[in-house]
Number of protein chains: 2
Amino acid sequence: MVDTLSQTFSALADPTRRAMLIRLKDGEASVSDLAKPFLKDMSLPAVTKHLQVLERAGLIAKSRAAQWRPCRLKGEGLKDAVDWMEQYRKFWEERFDRLEEYLKTVTAKTKGKGKKHGKGQQ
Amino acid sequence: MVDTLSQTFSALADPTRRAMLIRLKDGEASVSDLAKPFLKDMSLPAVTKHLQVLERAGLIAKSRAAQWRPCRLKGEGLKDAVDWMEQYRKFWEERFDRLEEYLKTVTAKTKGKGKKHGKGQQ
DNA sequence: GCTGTAGTTAACAGTTAAGTTAATTAACCA
DNA sequence: TGGTTAATTAACTTAACTGTTAACTACAGC
């Protein structure tokens, strides 16, 4: 697993880490601030590891202030992941079946004009 | 890992599986159709397993036709994941810093009216 | 019934992930 | 200097993930 997209999705595939990101929406927080809701369920080193995963995925950044390590959200890290998923939007939007049928009719008439924006993503 | 969101993100955290989803955007495909691009790198049972992951995550559905198992995309499975990520959109959109500053001014004036749509997501 | 094709299941091996406890680093404070 | 707080690192365990090969199920067609 080397590619950025995999790292992003992998980092998001854990409820603890997602909860941490949600907490960080409200602004910076130290490691122990972030740990607080989880210390019944896991140790502080476990929290450190989760934060490292988020940091490596580019979803948060840590700085230093005395003995604290304030963490802040880096939302840009989510952009590529959302962009990737957006290509499926039409597959979950309402009345897709009817929409697709309509599109088939249209593309049949305009023979291939609908081959727009091939981004070559994977 | 029990929750749907974790399953979805986890399923997406693999380039092989993402490539399979991309292939399925073009329409139904059998297991061996889907396997074709990967058989240099992995065996057919490995492909089966990837498809099982996607199926359990609700991202694809398998049917039966003679000895084939046509797979089709189930884009609705991505909806919740995208919705979750959308809450961070403002964090990656351009000039966020200035936007945030502006919002702070606004909410300071309207004292609390900006507390909209608390979806209780995690 | 036999043979080929499509796909899954079983059993196993290697790697990574996620947690633990104990020890360590680093800064503050008195 | 010594104690406290904040956080990380080290070493280890366990479980899950990803892949393998070999065996099996199921259907098609002669």
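The following exchange concerns a predicted model of two chains, A and B.

In this predicted model, local features need pLDDT of at least 70 and side-chain atom pairs count only at pLDDT 80 or more, whereas totals for chains, interfaces and linings use all residues. Residues are numbered from 1 along each chain as its sequence is written, chains are lettered from A in the order in which they are written, and side-chain values use heavy atoms, without hydrogens and water.

Reader: By what turn can chain B be laid on chain A?
Author: Superposition is by least squares on the C-alpha atoms of residues with pLDDT of at least 70 in both copies. The RMSD is 0.0 Å and the shift along the axis is 0.0 Å, with a turn of 180°. The two copies are thus related as by a two-fold rotation axis.

Reader: Why do the copies meet through the same surface?
Author: Contact (heavy atoms within 4.5 Å) takes 32 residues from chain B and 32 residues from chain A. The copies meet through the same surface because, of the interface residues of chain B, those that are also interface residues in chain A make up 100%.

Reader: Which residue of chain B meets A:Arg18 in a salt bridge?
Author: A salt bridge places a side-chain nitrogen of Lys or Arg within 4 Å of a carboxyl oxygen of Asp or Glu. The rule finds 2 salt bridges across the interface of chain B and chain A. At 2.5 Å, N to O, the side chain of A:Arg18 meets that of B:Asp3.
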